[in-house]
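Visitor: Could you choose one part of this protein and look at it closely with me? Please go step by step, and explain each term when you use it.

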Amino acid sequence: MAENLVIVESPAKARTIKKYLGKGFEVLASYGHVRDLVPKEGAVDPDHDFAMRYRLIERNERHVEAIARALAKADALYLATDPDREGEAIAWHLYEILKERGALKSKTLHRVVFHEITKNAIREAIEHPRELALELVNAQQARRALDYLVGFNLSPLLWKKVRPGLSAGRVQSPALRMICEREEEIQAFKPQEYWTLDAEGGHSGQRFPLKLVEYAGAKVEQFSFTNEGSAREVEARLRAAAAPPVPPALGTLRVLTIDRKQRRRNPAPPFTTSTLQQEAARKLGFSAQRTMRLAQQLYEGVDIGEGSVGLITYMRTDSVALAGEAVAEIRATIERLYGREALAEEPRVYRTKSKNAQEAHEAIRPTSAAIVPADIEARLDPDQYKLYALIWKRAVACQMAHAVFDTVAVDMLAGPDGPQRHLLRANGSTLVKPGYIAVYQEGRDDSAEDDSDHVLPPMHAGDAVALLALQPEQHFTEPPPRYTEASLVKALEEHGIGRPSTYATIISTLRDREYCELENRRFTPTDIGKIVNRFLTDHFHRYVEYGFTAAMEDELDAVSRGEEPWTTPLEKFWQPFIKQVNHADKHVTREQVALARPLGTDPASGKPVSVRMGRFGPFVQIGTKDDEEKPRFAGLRPGQKMDSIMLNEALDLFQLPRTLGQSPEGETIVANVGRFGPYVKYGAKYASLKEDDPYTVTLERALEVIRAKQEADANRIIRDFGVDDIQVLNGRYGPYITNKQKNARVPKDRDPKTLTLEECRALLEAAPVRPQRGRFGARRGAAARPATATSAAAAATAPAARTTARAAGLAKTTAASGKPAPEAGRRPARKRPAAAASGARTGAARAAAATPRAAAPKPAAKPGTRTAAPRADAAKSAPRRTASPAAAPGRRRASGRG
């Protein structure tokens, strides 16, 4: 067995690094985080220094076992996880697990980091190990604790006050606020009319656009002409001043002045995570998540004909700096491909503005500029190639010469010069020296058209210029544009919300929770997104303030630099926050949150009509709960919004159920919408309307749908015995036997068509009873499972509930302070919504599922503070404690022997 064991995060990275290290080294993957908070209340205990309870992530248990077995045969362990906070936390958690198992006795432990996966970088890292950076671990754990405390307290409140399955997060909520506030700006926007005079001039046989810049001696502004009458008056006066007309010209202008300048444009710095996501969205149409997935592949290694090679440096960074060796190689590549004149005179040095560039030392760049995209295109898939080419071009362009433009502005008089003069201007520019533009030009969001990008003919003062066209044009001001992925990431970065590793997760969470939709690649908030945002801004305004979130990120950065204890931001945050949660729980009603909007009166009944949010989505209601008769309800149709639906549209919703007619068998056919979507009912049976609108579907079309359903049902039934509902059916996963109470598999060696009634009875007798489902689809009797309305996130955490204490997780840990974790207090659990009380994961926990790399901290709280989530089942005595990361050795024996 190899003497040295190296641990990285992914198997792809492991394969690449193994090739570089060769014999004597075994490289295994942890497959991301190995430990996380227990997915239940009490995982973070503010009453006891924010003590945190971990457990092994079940899906990674076998990988940890493989690492432990390999370590038993090795002499040294190299923890080579990513160089940021998440990677440091993964290394520390793995160290804690192995130490608890006694697997580190007499083993040498090293922490190594590298920012690119190349032969030289890997060997350099192995030769120069360091100790675990406990400040980075602390910062990551503090962030995890904050996210847990916010999510585990706010999300159940949303379930109770709005509807099940919602979540709130420390970072996602301010992002949602941005999207909602932009939508409010758009809705409140009042267009303003203004007019421009578009003209066209001609000289030396060339036509070019003109802009009116001065009228009657006054500078022309956007709102100088606000109606057609004033614009037509200006047109008439300009025509008269330029008279007499000389067909085809409307008149003649005279060149007054010519202003020539030379303008330089410098290249953009190399990519950070944020700018890569923005530019990939603009130029390639990639989502932030897709960009990061592809970047991860390029970083970990791609086979380009000589084995797996890491093509780019680490992709989670907010640094724009480049290593000196990289700059030298880039400049050599520029000289080879584009000539010496394309080089910048001196190497360009870019400096990072943020205090800590996510602990990664460099911008995103190719590991070798000599690997030209065109040379490896055939070895990459199309998306990998596009992203690599984008990164390569940006990195190369940043060391190229500036672009040089010659610009010219020609002012022309219509009529005589003087205090009442009329002045038109022609702008032009010529690219004299392309410089970096020959390789790359940065994209822009919502950029206006540039009317100066024209080459003008040679002109001199006093020359006559023909006025060929003059046309007033009506315009209206436009509202601010909705956010694209690129502009949202840019806004998040500008406000200091989130960090490079979180942007993609923020966006995907907002979409997964259905808080916003992408329409034409722009974010539009949904009704539920608006209601959640309104609830949070009304009752938790401080915590969705951009400044608060940015200040919290700065504090976490300070923790990562070792400037303050990791519990400090938690202590400042917790007491005011939980006080506000309790206040909202007691004093805010569902009716206040539902944002009911009156629409008018139903002409048929005279009852009020309103639209509001319910547990299953937005709906229209006729009547009130105080009426003798029960109110009538109708859900909104796809595309309808609570804040824009009108009374007539709302009343149309009550057309359902619609009786369409009768089937050939004499059954009444009805179209309606049910819990699972639109359908047609014929007799006692149903057929889903997958493509048709129940409000407009015709009888003929409904009969077609019914026939298709009958054919599908006929093909589904293999045998129907007509006794005790016993049937043999074709199912999604193959044939099976059912009696509507139990399902039994068909033996593999049997033809389902040949099964007898007695055989079916015997197989059903041995089959388990199907669990009944409760009101919201949860299986009754499954109390051990977290019961959440949104199962996807819960599914990610439920497996962890089956992990044993042996997996090193149920240990409570204090962050990297060296202080043993305090014992969890035994207090009665505070009341929560039913879903929360059953152990369901909420905001922060769901966010953790979406970002599997998130870890958790051990904290310090003041005595007497209330726990975020007191555990009713808390142990009477403290569980086994995991040693603080402060005890983690660097390049020394884990056992303490030098």
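Guide: Start at serine 106, which sits in the loop between α3 (85-100) and β7 (108-111). Those labels need a word: helices (H or I, at least four residues) and strands (E, at least two) are DSSP runs, numbered from the N terminus. Serine 106 is not a glycine, yet its phi is positive, about 60°. With a relative accessibility of 38%, this serine counts as partly exposed. Three classes are used here: buried is under 20% relative accessible area, exposed is over 50%, and partly exposed lies in between (1.4 Å probe, protein chains only).

Some ground rules. The model is predicted, so local features need pLDDT of at least 70 and side-chain atom pairs count only at pLDDT 80 or more, while totals for chains, interfaces and linings use all residues. Residues are numbered from 1 along each chain as its sequence is written, and side-chain values use heavy atoms, with hydrogens and water left out.

Now a quick view of the whole. The protein has 24 helices and 32 strands. It has 898 residues, and 53% of them count as buried. Take the contacts between residues at least 6 apart in sequence: 74% of these join residues at least 24 apart. A contact means heavy atoms within 4.5 Å.

The part to study is the packing around helix α1. This helix covers residues 11-21, and its buried residues are Ala12, Lys13, Ala14, Thr16, Ile17, Tyr20 and Leu21. What lies over them? The cover includes β1 (4-8), β2 (25-29), α4 (119-127), α9 (288-300) and β13 (308-309). Just after α1 comes glycine 22, with a positive phi near 70°.

Follow one neighbour, α4. Its buried residues are Ala121, Ile122, Ala125 and Ile126. They lie on the same side of α4, because they cover an arc of only 130° around the axis. That arc is taken from the directions that run from the helix axis to the C-beta atoms. The face turned away from this buried side carries exposed Asn120 and Glu127. The buried residues of α4 pack against α1, β2 and β6 (76-79). Strand β2 also appears in the cover of α1.

Next, follow α9, another part of the α1 cover. Its own partner here is α8 (residues 273-284). Two packed helices are described by the angle between their axes and the distance between the axes. The axes of α8 and α9 come within 9 Å and cross at roughly 115°. The axes are lines fitted to C-alpha atoms, for helices over the stretch in contact, and the angles run from 0 to 180 degrees between N-to-C directions. The crossing is right-handed. Which residues make this contact? From α8 come Thr273, Leu276, Gln277 and Ala280, and from α9 come Ala288, Thr291, Met292 and Ala295. They divide into five nonpolar, three polar and no charged residues. For that count, Ala, Val, Leu, Ile, Met, Phe, Trp, Tyr, Cys and Pro are nonpolar, Asp, Glu, Lys and Arg are charged, and the others, Gly among them, are polar.

Step back to strand β6, which packs with α4. The loop between α2 (61-72) and β6 holds lysine 73. Lysine 73 is exposed, at 59% relative accessible area. Its C-alpha atom is 9.0 Å from that of asparagine 4, although the two are 69 residues apart along the chain. Asparagine 4 falls in β1, which spans 4-8 and belongs to the cover of α1.

One more site, leucine 134. Helix α5 (residues 134-161) contains it. Leucine 134 counts as buried, with 14% relative accessibility. Its C-alpha atom and that of glutamate 88 are 8.0 Å apart, across 46 residues of chain.

Finish with a peptide bond. Alanine 243 and proline 244 are joined by a cis bond, with omega about 5°. Proline 244 lies in the loop between α7 (228-242) and β11 (251-265).

Terms used
A crossing is left-handed if the near helix is turned anticlockwise from the far one by less than a right angle, and right-handed if clockwise.
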